[in-house]
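Here is a quick walk through the pockets, one helix and the cysteines of a protein model. Have the structure open as you read.

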Amino acid sequence: MAERHDASTNPSVNLPSPAIVAVRGAQRLPRLPLLFLCAAYVLPGLFGRDPWRNADLSSFGFMASIAQGHAPWWEPAIAGIPAAGGPLPYWLGALAIKALPFVDPALAARLPFAAILVCVLMLVWYSSFHLASTDAAQPVAFAFGGEAHSIDYARALADGALLALIASLGLLQLGHETTPEMLQLGAVSLYLYAMTAAPFRRTKARWAALLSLPMLAASGAPAVALALALVGAVLCRRSSFQEVRTLTWWLLAAGALAGASAWGFNAWAWRVTAEPSLALLLSMLSLIGWFCWPTWPLALWTLWRWRIHWQRRHILVPLSCALVSLTTCTLMGGSDRALLLSLPALAPLAAFALPTLQRGIAAAMDWFSVFFFSASALFFWIYYSSMHTGWPATPMANMRRLASGFEPSFNVAPLILAVLASLAWLALVRWRTARHQAALWKSLVLPASGVALSWLLAMSLMLPALDYARSDRPLVERLQAYVPSDANCIAAPNHALHTLAALEFQGGWQVDGLHPLQGSACQYAFLNGPINEMPEGWMQIANVRRPSERAYGFAVLKRL
């Protein structure tokens, strides 16, 4: 790939680069270990669990409602309550359920979203590669040669961006759910690829832009799609390259298609809930502090060290994309799901800090990762030992108190996987701390691998306990003792969508969550307790609650 001058400013202006990288610093990360790391990050949590409460379970409910014929494709619904936003994410899950009838529906619905996570990782890598291939992003040329080759340098920075994305704490749980936000994340990553690939891959960039923004709007974020279309059009219009300037019209067309799809799907909704206050500011800082760790400090360091280059495309393109998501998050009162859309843009910004990091900062990141993630792994192993050997006794006692009725069951396959992952972590720590590595991505190897290790251990050693505590299946099983499977329906007004989804698709009952109790023809009712005044014509037959809750729970009523 040929180098390209900066497309957002005058290429004749030669600004000094803060990056000083020798040939040995531009080593690319070995591909087999990188693939194993990505597999350890993507695959755990995909198998062997139910959809978990809140957004994961409610999204699965909408998908199952379509696949099982309980609701039309154009209007997914749970217990009669229609979905808000575009139906495109629910179509993906429903198609997977119908295409794989021999697979558990929850797993089938999860597969396309795991593929989206893989695409996000790939798109961030290629976006960072294209950004680092421009002239303005290149390191300083040495007087007698020996500086990193442009392609090797771009690959090394792309590896660093991929590691930064995997290390981001905010992506850990939300990135493994079957929610519309995952499709939004894929659409934003595709938009970022369109913006960064425009000087090099003109046709691919156009189609990526034309696809990404309507997909974003049809997934429930039409306002973000229009904002990205306008911001991208302005940046492309200012470009000095014809290939990038022609992308302007494609972005405007994509924005028009996004608006049309949002109108067609009735996806417009007013979600601005924020009121300027000190509390909101503190809440936002706290959220960004942990959600975007460790990308936000590295991104800030990039903005400082590359400050005279801030108008060049390798800084301005990801920065503008991240600012749109940060603004959306603020207007929505500090929504972590809106902040999720900033991670694909923050990862390349974090990567550009790597050539300018001082050795002391890199060493501090390494030692913090060693101690923090080693302690995290030890925590999981102690709980696993307590569950299966009884020593130490306190962790299992705490678990039984927090999730009453849970009894561990032994499975050799997760144990072998956890042992191999722990040994790989020890080998990686020894490799990283035994000698000084020159590669640019060296400072992010331990943070990314530590996050993947913690997720893998949680989804292997602790998965039975987590699934018991976070799934609604134990609640449904307790309810089945009082409500027969042939009941005509269950009236469940004023319940959360995830509770209705559990009743409808894990319990197998027909559920009416749309009408009040007085207007329902159901034989049974499921109400938030306690009940101060018994409705006329009903009697309470039981009180059930989730194993992980200590509140009163839910009242089960039967019509007299």
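## The largest pocket

In this predicted model, the largest pocket holds about 840 Å³ of space. To find its centre, look for Glu 181, Gln 184, Gly 220, Arg 271 and Met 332, which lie nearest to that point among the 37 lining residues. Helices H2 (55–67), H7 (180–197), H9 (222–237), H14 (313–331) and H15 (336–339) are the elements that each give two or more residues to the lining.

What is the wall made of, by class? The lining of the largest pocket has 23 nonpolar residues, 11 polar ones and three charged ones.

## The second largest pocket

The second largest pocket comes in at about 690 Å³. Its lining counts 25 residues, with Pro 33, Phe 36, Leu 37, Ala 424 and Ser 449 nearest the centre. Here the elements giving two or more residues are helix H1 (31–42), helix H19 (412–434) and helix H20 (442–458). H19 gives the most, with eight residues.

The class count for this second pocket reads 24 nonpolar, one polar and no charged residues.

## Helix H5

Now over to helix H5, which covers residues 150–167, 18 residues in total. From first C-alpha to last, H5 reaches 26 Å, close to the 26 Å expected at 1.5 Å a residue.

Is H5 mostly enclosed or out in the open? Of its 18 residues, 16 are buried, so the rest of the structure largely encloses this helix.

## The disulfide

How many disulfides does a search of the whole structure find? The search turns up one, and it joins Cys 489 to Cys 522, with 1.8 Å from S to S. The link is left-handed, with -110° about the S-S bond. It ties together distant parts of the chain, 33 residues apart: Cys 489 sits in the loop between helix H22 (473–479) and strand S3 (490–491), while Cys 522 is in the loop between strand S4 (511–512) and strand S5 (524–528).

Both ends are tucked away: Cys 489 is buried at 10% relative accessible area, and Cys 522 counts as buried at 1%.

## Two cysteines without a partner

Why is Cys 292 not bonded to Cys 329? Cys 329 has the closest cysteine sulfur, but that is 8.2 Å from the sulfur of Cys 292, too far for a bond. Cys 292 also counts as buried, at 0% relative accessibility.

Cys 321 is a similar story: its closest cysteine sulfur belongs to Cys 236, and at 12 Å that is too far for a bond. At 2% relative accessibility, Cys 321 counts as buried too.

Definitions and conventions:
Residues numbered from 1 in each chain as written. Predicted model: local features only at pLDDT ≥ 70, side-chain atom pairs only at ≥ 80, totals over all residues. Heavy atoms only, no water. 1 Å grid on protein atoms, 1.4 Å probe; cavity = no way out; pocket = protein on both sides within 12 Å on 5 of 7 lines; lining within 4 Å. Points joined across faces, edges and corners; volume = space filled by probe spheres on them. Helix = DSSP H or I, 4+ residues; strand = E, 2+ residues; numbered from the N terminus. Nonpolar A, V, L, I, M, F, W, Y, C, P; charged D, E, K, R; others polar. Expected span 1.5 Å × (residues − 1). Buried < 20%, exposed > 50% of the residue type's maximum accessible area, 1.4 Å probe, protein only. Disulfide = S-S within 2.5 Å.
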